[in-house]
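Colleague: I have a few questions about this fold before we go further. Could you walk me through the structure?

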Amino acid sequence: MGIWECCELLNEVVDDSDPDLDEPQIQHLLQSAEAIRKDYPNEDWLHLTALIHDLGKILVLPKFGELPQWAVVGDTFPVGCAFDEFNVHYKYFRENPDFKNPKYNTNNGVYSEGCGLDNLLMSWGHDDYMYMVAKENGTTLPQAGLFIIRYHSFYPLHKHGAYAQFMNEEDKKNMKWLHVFNKYDLYSKSKAHVDVEKVKPYYESLIAKYFPAKLKW
């Protein structure tokens, strides 16, 4: 299916971790995208990134495997190194066998400093899924757009600076854009209702610019 079809499909998703459950998902996507469009009118890739960043949540729907919420939404974190105290619900990580495994419980674990976030194995969720969909379908979004999609739920890093030792120079550049994006995502959504039909042609033009008409999901 195409990207816009997926945006509409997302309306069937209820994200239990979302503080803004009173709005359909497509309103959240468009509110974020329209707010960024107003403040960054020349960065059309960023408008589209905001529109599609949560599309991976379709994984909770029956036709996409009906994965449980914990495997799709919420914060992400790397595995293969010590769990940081800034990971949400940190106390429960003590029950994870990796917590006591000397191979995985040091600061760097199986990685090396500056190895780049690309080389970390992240916990599974809607971020990584949508990143893979975009990449495998040959999107022409710039690297910063893919970075936002892949790491927007990696709150331990971009909110608290945890795991920063793994970032390389490219990651640091892209992180600036993720911080810009974050201001328009959680908790800062405008309550102004977006007229979907009015803005749809603009976003369809961006989809056509950066994506094929139909994607394999």
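Modeller: What follows goes through the core, the annotated positions, one helix and a few backbone details. Please keep in mind that this is a predicted model.

Colleague: Fine, start with the core. How many residues has the largest nonpolar core, and which have the most contacts inside it?

Modeller: The largest nonpolar core has 67 residues, and those with the most contacts inside it are Ile-3, Leu-48, Leu-51, Ile-52, Leu-55, Leu-117 and Phe-211. Helices H1 (3–9), H2 (25–39), H3 (44–52), H4 (126–136), H5 (143–151), H7 (169–182) and H8 (196–210) each supply at least two residues of this core. In soluble globular proteins, nonpolar side chains tend to be buried together.

Colleague: And what does Leu-117 touch, leaving out residues up to four places away in sequence?

Modeller: With those left out, Leu-117 touches Phe-147, Tyr-151, Phe-154, Leu-157, Phe-166 and Met-167, and also Asp-171.

Colleague: Switching topic, which residues does the UniProt "binding site" annotation cover?

Modeller: According to the UniProt record, which is an unreviewed entry, the annotation covers His-28, His-53, Asp-54, His-126, His-152 and Asp-185. From this set, the lining of the largest pocket takes in His-126.

Colleague: Where is His-152, then, and is it buried or exposed?

Modeller: His-152 sits in the loop between H5 and H6, and it counts as buried because its relative accessible area is 2%, under the 20% cut-off. Apart from neighbours within four places in sequence, His-152 is in contact with several residues, including His-53, Asp-54, His-126 and Asp-185, as well as Leu-178, Phe-181 and Asn-182. Its side chain also makes a polar contact with the side chain of His-126, at 3.1 Å.

Colleague: What about Asp-185, which residue's side chain does its own side chain make a polar contact with?

Modeller: The partner is His-28, with the two side chains in polar contact at 3.3 Å. Asp-185 is in the loop between H7 and H8, and it is buried, with 3% relative accessibility. Setting aside neighbours within four places in sequence, the contacts of Asp-185 are His-28, Ser-32, His-53, His-152 and Tyr-155.

Colleague: Back to the loop after H5: what does Ser-153 touch?

Modeller: Ser-153, in the loop between H5 and helix H6 (155–158), touches Gly-74, Asp-75, Thr-76, His-126, Asp-127 and His-158, not counting residues up to four places away in sequence. Ser-153 is also buried, at a relative accessible area of 5%.

Colleague: His-126 and Asp-127 keep coming up in these contacts. How many residues of H4 are buried?

Modeller: Eight of the 11 residues of H4 are buried, so the helix is mostly covered. The buried residues are His-126, Asp-127, Asp-128, Tyr-129, Met-130, Tyr-131, Val-133 and Ala-134, and what covers them includes H1, H3 and H5. Just after H4, Gly-138 takes a positive phi of about 75°.

Colleague: Which residues have a positive phi although they are not glycines?

Modeller: Two examples are Glu-66, with a phi of about 50°, and Tyr-163, with a phi of about 65°. Glu-66 lies in the loop between H3 and strand E1 (78–79), whereas Tyr-163 is in the loop between H6 and H7.

Colleague: Are those two buried or exposed?

Modeller: Glu-66 is exposed, with a relative accessible area of 51%, while Tyr-163 counts as buried at 4% relative accessibility. Glu-66 is classed as exposed because its 51% is over the 50% cut-off.

Conventions: Residues numbered from 1 in each chain as written. Predicted model: local features only at pLDDT ≥ 70, side-chain atom pairs only at ≥ 80, totals over all residues. Heavy atoms only, no water. Core = buried A, V, L, I, M, F, W, Y, C linked by side-chain atoms within 4.5 Å. Buried < 20%, exposed > 50% of the residue type's maximum accessible area, 1.4 Å probe, protein only. Helix = DSSP H or I, 4+ residues; strand = E, 2+ residues; numbered from the N terminus. Contact = heavy atoms within 4.5 Å. UniProt positions renumbered as here; feature names shortened; annotations may be inferred. 1 Å grid on protein atoms, 1.4 Å probe; cavity = no way out; pocket = protein on both sides within 12 Å on 5 of 7 lines; lining within 4 Å. Polar contact = N/O pair within 3.5 Å; in protein donor to acceptor, adjacent residues only side chain to side chain.
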